[in-house]
Amino acid sequence: MSNSFTWDAHFSRVIESNLDNSHAYWVHKGTFASQDSPLSIPYDLNKGDDWVSAKVKFDLPLPSALKLMQRLQGKGPGLSAETTFSFYHPNLNIVDTRVGDFLHVIFVNASLPQSENQTISRWIKYSPKKAFNMPGREEKSTEISRTIFNEDHGVVQSQRPYAVPLDFSQESHVNSDVLSIEYRKILKRKQKS
């Protein structure tokens, strides 16, 4: 499935938002994340001259029925996701998420600048497990993606300066910002060349 979303934000902020795993605990707490989960630090960092990727594991909030099903299957009460966040210069993000053995979703997003403060995201969502073939699943999945983009939009739109600063002293960073920092390093190298 594919779709698009228009952001009132600089494309570099949109890309960085797609690399930032730590905001999910606060911005998406009602959609797919929980503030009860510990903050995840990216690991298995890989990078090249014009790309970067890292993995993150995080606990998912479970409805009571799913907790019971997990327990009946002899599995622990929790459910976690492993996500690989990737960026490929100039404007491509890939978010590859696996939840246990039953869900695998790959989200590919191209951020296309329209002006200094407007970006169109063109995205494709794919599931190798074919879970989206059920009637109504594509519409529901598109709705969820739009909800996530809308949750991000207010935060990304409010960030100043509009473009991500390439001088690292202009903003504070924490350990979970490793992908954002690597992304900015790529931008800085490309700007010099």
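Visitor: What percentage of the 193 residues in the protein chain do buried residues make up?

Guide: Buried residues account for 40% of the 193 in the chain. Do keep in mind that this is a predicted model.

Visitor: How many helices and strands should I look for?

Guide: Look for five helices and seven strands. Going along the sequence, they come in the pattern β-α-α-β-β-α-β-β-β-β-α-α. As for contacts with a separation of 6 or more, 54% of them link residues 24 or more positions apart.

Visitor: Let's take the sheet. In what order do the strands lie?

Guide: The seven strands form an open sheet in the order β1-β7-β6-β5-β4-β3-β2, and the pairing is antiparallel. β1 and β2 (43-47) are at the edges with a single partner strand each, so each has one side without a neighbour in the sheet. On average, neighbouring strands are turned by 20 degrees against each other, ignoring direction.

Visitor: How do I read the pairing of one strand with the next?

Guide: Start with the general idea: side chains of a regular strand alternate between the two faces of the sheet. Then go pair by pair. Antiparallel β1 and β7 (residues 118-126) are joined by six bridges, and W7 faces T119 of β7. Next, β6 and β7 share nine bridges, again antiparallel, with T119 as the bridge partner of P113. A hairpin of two residues connects β6 to β7.

Visitor: And which residue takes a positive phi in the hairpin of β5 and β6?

Guide: That is G100, whose phi is near 55 degrees; this hairpin has three residues between the strands. The strands β5 and β6 run antiparallel and are joined by eight bridges, and L92 stands opposite A110 in β6.

Visitor: Now the helices. Why does the span of α4 agree with what its residues should give?

Guide: Helix α4 (residues 137-158) has 22 residues, and at 1.5 Å a residue they should span 32 Å; the end C-alpha atoms are 32 Å apart, so the two agree. Even so, α4 has a kink of about 30 degrees centred on D152. You can try the same check on α5: its 15 residues should span 21 Å, and its end C-alpha atoms are indeed 21 Å apart.

Visitor: Which residues of α4 are buried?

Guide: A general point helps here: an α-helix has 3.6 residues a turn, so residues three or four places apart point the same way. In α4 the buried residues are S141, T142, S145, F149, D152, H153 and V156. This helix packs on the sheet, where α4 touches β1, β6 (103-115) and β7, and its direction makes about 15 degrees with that of β1.

Visitor: What covers the buried residues of α5?

Guide: The cover includes α1, β2, β3 and β4. The residues in question are L179, S180, E182, Y183, R184, I186 and L187.

Visitor: Finally, which residues touch the most other members of the largest nonpolar core?

Guide: In soluble globular proteins, nonpolar side chains tend to be buried together. Here the largest nonpolar core has 28 residues, and W7, L19, F87 and Y183 touch the most other members. At least two residues each come from β1 (2-7), α1 (11-19), β3 (51-60), β4 (79-88), β5 (92-99), α4 and α5 (178-192). The largest share, five residues, is supplied by β3. To explore by eye, try L19: leaving out residues up to four places away in sequence, L19 touches F85, S86, F87, N93, L179 and Y183.

How values were computed. Residues are numbered from 1 along each chain as its sequence is written. This is a predicted model: local features need pLDDT of at least 70, side-chain atom pairs count only at pLDDT 80 or more; totals for chains, interfaces and linings use all residues. Side-chain values use heavy atoms; hydrogens and water are left out. Helices (H or I, at least four residues) and strands (E, at least two) are DSSP runs, numbered from the N terminus. The expected span of a helix is 1.5 Å times one less than its number of residues. The bend at a residue is the angle between axes fitted to the seven residues ending there and the seven starting there. Buried means under 20% relative accessible area, exposed over 50%, partly exposed in between (1.4 Å probe, protein chains only). A nonpolar core is a set of buried Ala, Val, Leu, Ile, Met, Phe, Trp, Tyr and Cys residues joined through side-chain atoms within 4.5 Å. Contact means heavy atoms within 4.5 Å. Two strands pair if DSSP finds at least two bridges between them. Axes are lines fitted to C-alpha atoms, for helices over the stretch in contact, and angles run from 0 to 180 degrees between N-to-C directions.
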